[in-house]
Structure formats: C-alpha cells, structure tokens
Amino acid sequence: MKQSSVYECSVIPLNKIHNRAGNITIVEGDNNIPFQIKRIYYLYDIPRGEARGGHAHKALYQLIVATSGSFDVQIDDGVNKRVVRLNRPDYGLLIVPGIWRELFEFSSGSVCLVLASTKYNETDYIRDYSEFKNYKEK
Ligand code: TYD
C-alpha cells in the first residue's frame, strides 16, 4: 500500500437504530467496514490545543469515529492532503495503509474511537515525516 492515496480514504456512513430511548450504532468487521477488527482503542481527555497522530502505518487499516464531540483528521499521502471533520457517532473515517495522519481541534470532552485491523505493532509505524516521504516515493 505504498502507493495508496488520500482518495482511497473515505467517510463511511454507519447504521443507526433509533428509538425513544436513544440510538445504537453497530460496526461489524468485514461487514460494515472492509477489514476484520483486531483491536479497539480510544483517545479521550485530550487537552485543548493538543494534536495526536503524526505518523503513518505500513499495513494497518483503521476506522476513526468521533463517538462524542468533534475533531479534525488531516490525511496525507505524500502528494495530496485532505482535512476531514468528524463530529457524528454514526460516521467513520476509513484510513488505508500508507497515509500520514494528524488529529487536532478536539472539542472539550471529545472521544476518538479507533477500530484497527491488527494488534499493536510498533514496527508498522513510520513516525518520521521525511522517512514517510521516502517510503512513498520509492
Ligand atoms: P500513538 O499511536 O503514537 O498515539 P497517537 O497516534 O494517538 O498520538 O501511541 C501513543 C502511545 O501508546 C505509544 O507509546 C504507543 C502506545 N500504544 C500502545 O501501546 N498500544 C496501542 O494499541 C496504541 C494505539 C498505542
């Protein structure tokens, strides 16, 4: 996925079952999203003005959901950049491998849920932007 582009990343509408007691959204791996879910983590208590991310993955697929509040995700394939604002729990941003991402402008109390296609593996990360550019160009 070295050659992946930001145009392969998309905001996916998730289901929402509504009744008078509120809403429920269900995500099933390989059904609503194009990968099996091996790991879930969530970011919360993010101080005002802080940014997260600042790295790419070589093989990992992720679905990012603003389960509460809102934030921006900038995705970058080394050529093109897009900023996606997530602010609804029934939409998720699919990020394919080989994309540099930064998350910022977190609203107070926001929660960023991440569904991931593999278990944690530090060797899958590219944490240096110039290394990322080299990786994409070769
Ligand atoms: P990182 O992925 O760099 O966070 P973010 O992209 O949100 O800024 O991870 C932050 C720290 O947490 C880093 O030391 C690695 C560790 N970590 C794990 O141990 N397991 C995980 O599944 C994740 C996502 C992070």
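This is a short dialogue about the cysteines and the ligand site of a predicted model.

Biologist: Let's start with the cysteines. How many disulfides does the structure hold?

Modeller: A disulfide calls for two cysteine sulfur atoms within 2.5 Å. Here there are 0 disulfides.

Biologist: Why is there no bond for cysteine 9?

Modeller: Because the closest cysteine sulfur, in cysteine 112, is 14 Å from the sulfur of cysteine 9, which is too far for a bond.

Biologist: And are these residues buried or exposed?

Modeller: Cysteine 9 is buried, at a relative accessible area of 2%. Cysteine 112 is buried too, at 0%.

Biologist: Now the ligand. Which residues are around it?

Modeller: The shell consists of Arg39, Tyr41, Leu43, Arg52, Gly53, His55, Tyr120, Tyr125 and Arg127. Sorted by class, that gives 4 nonpolar, 2 polar and 3 charged residues.

Biologist: Where should I look for polar contacts to the ligand's oxygen atoms?

Modeller: Look for pairs of N or O atoms within 3.5 Å. In this model, a side-chain N or O atom of arginine 39 is 2.5 Å from a ligand oxygen. Tyrosine 125 has a polar side-chain atom 2.7 Å from an oxygen atom of the ligand, and for arginine 127 the corresponding distance is 2.9 Å.

Biologist: How much of the ligand's accessible area does the protein cover?

Modeller: On its own the ligand has 530 Å² of accessible area, and the protein covers 61% of that.

Biologist: Which elements give two or more residues to the shell?

Modeller: Those are β4, spanning 39-43, and β5, spanning 52-57.

How values were computed
Residues numbered from 1 in each chain as written. Predicted model: local features only at pLDDT ≥ 70, side-chain atom pairs only at ≥ 80, totals over all residues. Heavy atoms only, no water. Buried < 20%, exposed > 50% of the residue type's maximum accessible area, 1.4 Å probe, protein only. Near = heavy atom within 4 Å. Polar contact = N/O pair within 3.5 Å; in protein donor to acceptor, adjacent residues only side chain to side chain. Areas by Shrake-Rupley, 256 points an atom, 1.4 Å probe, with all protein chains shown as cover. Helix = DSSP H or I, 4+ residues; strand = E, 2+ residues; numbered from the N terminus. Nonpolar A, V, L, I, M, F, W, Y, C, P; charged D, E, K, R; others polar.
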